[in-house]
Amino acid sequence: MQTPTTVASVPAPRVVAVVQARTGSTRLPGKVLLPLAGRPVLDWVVRAARTATGVDQVVVATSTAAGDDAVAAAAARLGVDVVRGSELDVLDRFVQARAATHADAVVRLTADCPLLDPALITQVVAAWRATPDLDYVATTLVRTLPRGLDVELVSARGLALADANAREHHRVHVTSWLYDEPGRCRALGLVVSPDAHDLRVTLDTPQDAELLRALVTALGDRPPAWRDLVAALRAAPELTALNAGVVQKRLHEG
């Protein structure tokens, strides 16, 4: 009688969401810890990451600056691991987070985007899990979503490629070296319809904070679906006017 052959199962790739957060914003210091509907902005981002399907772990990556002790404490209160490193070399913080968690890919989220839609995170992760030879999957290669709903995934190979080649402002922006010139990596962009890239729900100025507070009052204390968020803004142009004059910093401005 022939003994059946046992086939070893291959573990699924490990995906870790890394939330970059620091208090040293030049335009709105301490913004990631500002209260929004009774909870700090950082809590909103961590909650969205935890709600997404396909994310195995959430980590907060902050700096070793004394001012960011508060960020580390807030992350500990939420029960998520913390990685600390250079304030300006944000890419190195992601490299550390990947190594510490043994991730096959990391999802880059920023702590100034409290209204992230967990469904978008789920879709980006699912796209990479379906084609794991991709280095970079993002909603930002062609912008069709409001700024502030950005989701980027970088494979371990893509992160190593960026770490080996990125210099100056590319190390601040983590992924920008990968997409700055076509052909540097295997990339996939996700787009949505209707196009809403003209809208802004990120937090970088007092005007942004005013808009976010108004939106949360309208939508409730929950991670909103992107379509609901867009519909709320299209129906209330007085809200979009609140931060219409805010100019987004360019990549080289840090």
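Across the whole of this predicted model, a search finds 18 salt bridges. One of them joins the side chains of Arg 27 and Asp 204, with N and O 2.6 Å apart. The two partners come from distant parts of the chain, 177 residues apart: Arg 27 sits in the loop between strand S1 (15–20) and strand S2 (35–36), and Asp 204 in the loop between strand S9 (187–189) and helix H8 (206–219). Their surroundings can be set side by side: Arg 27 is partly exposed at 31% relative accessibility, whereas Asp 204 is buried at 10%. The pair also belongs to a wider arrangement, since Arg 27, Lys 31, Asp 112 and Asp 204 are linked in a network of salt bridges.

A further salt bridge is formed by Arg 129 and Asp 56, whose closest N and O atoms are 3.1 Å apart. Arg 129 belongs to helix H4 (residues 118–130) and Asp 56 to the loop between helix H1 (41–51) and strand S4 (57–63), so this contact ties together parts that are 73 residues apart in sequence. Here Arg 129 is partly exposed, with a relative accessible area of 27%, and Asp 56 is partly exposed as well, at 43%. Arg 184 and Glu 181 provide another example, their side chains meeting at 3.4 Å from N to O. In this pair, Arg 184 has 23% relative accessibility and counts as partly exposed; Glu 181, at 42%, is also partly exposed.

Turning to the strands, seven of them make up an open sheet with mixed pairing, in the order S5-S4-S1-S6-S8-S7-S9. The edges are taken by strand S5 (81–85) and S9; each has a single partner strand, so one side of each is left without a neighbour in the sheet. On average, and with direction ignored, neighbouring strands of this sheet are turned by 20 degrees against each other.

Strand S4 makes a good place to look at the sheet in detail. Seven of its seven residues are buried, so S4 is largely enclosed by the rest of the structure. In a regular strand, side chains alternate between the two faces of the sheet. In S4, Gln 57, Val 59, Ala 61 and Ser 63 point one way, while Val 58, Val 60 and Thr 62 point the other way, and all are buried. S4 runs parallel to S1, to which it is joined by five bridges, and Ala 17 stands opposite Val 58 of S4. The pairing of S4 with S5 is likewise parallel and has five bridges; there, Ser 63 stands opposite Gly 85 in S5.

The antiparallel sense appears between strand S7 (residues 136–138) and strand S8 (residues 152–155), which pair over three bridges. Tyr 136 has Val 154 of S8 as its bridge partner. Helix H5 (residues 156–165) packs on the sheet and touches strand S6 (105–110) and S8, with its direction at about 85 degrees to that of S8.

Helix packing can be followed in H1 and helix H2 (residues 69–78), whose axes lie 11 Å apart and make an angle of about 40 degrees. The two helices are therefore oblique to each other, and their crossing is right-handed. On the H1 side, the residues in contact are Leu 42, Asp 43, Val 46 and Arg 50; on the H2 side they are Val 71, Ala 74, Ala 75, Arg 77 and Leu 78.

Finally, a few backbone details deserve a look. The peptide bond from Ser 193 to Pro 194 is cis, with omega near 5 degrees, and Pro 194 lies in the loop between S9 and H8. That loop also holds Asp 204, the buried partner of Arg 27 in the salt bridge described above. Positive phi values in residues other than glycine include that of His 102, near 55 degrees. His 102 is placed in the loop between helix H3 (90–101) and S6, and with a relative accessible area of 62% it is exposed. Glu 168 is a further case, with phi near 50 degrees. Its place is the loop between H5 and helix H6 (169–172), and at 68% relative accessibility Glu 168 counts as exposed.

How values were computed
Residues numbered from 1 in each chain as written. Predicted model: local features only at pLDDT ≥ 70, side-chain atom pairs only at ≥ 80, totals over all residues. Heavy atoms only, no water. Salt bridge = Lys/Arg side-chain N within 4 Å of Asp/Glu carboxyl O. Helix = DSSP H or I, 4+ residues; strand = E, 2+ residues; numbered from the N terminus. Buried < 20%, exposed > 50% of the residue type's maximum accessible area, 1.4 Å probe, protein only. Pairing = 2+ DSSP bridges. Axes fitted to C-alpha atoms, helices over the stretch in contact; angles between N-to-C directions. Contact = heavy atoms within 4.5 Å. Parallel < 35°, antiparallel > 145°, perpendicular 65-115°, else oblique. Left-handed = near helix turned anticlockwise from the far one by under 90°.
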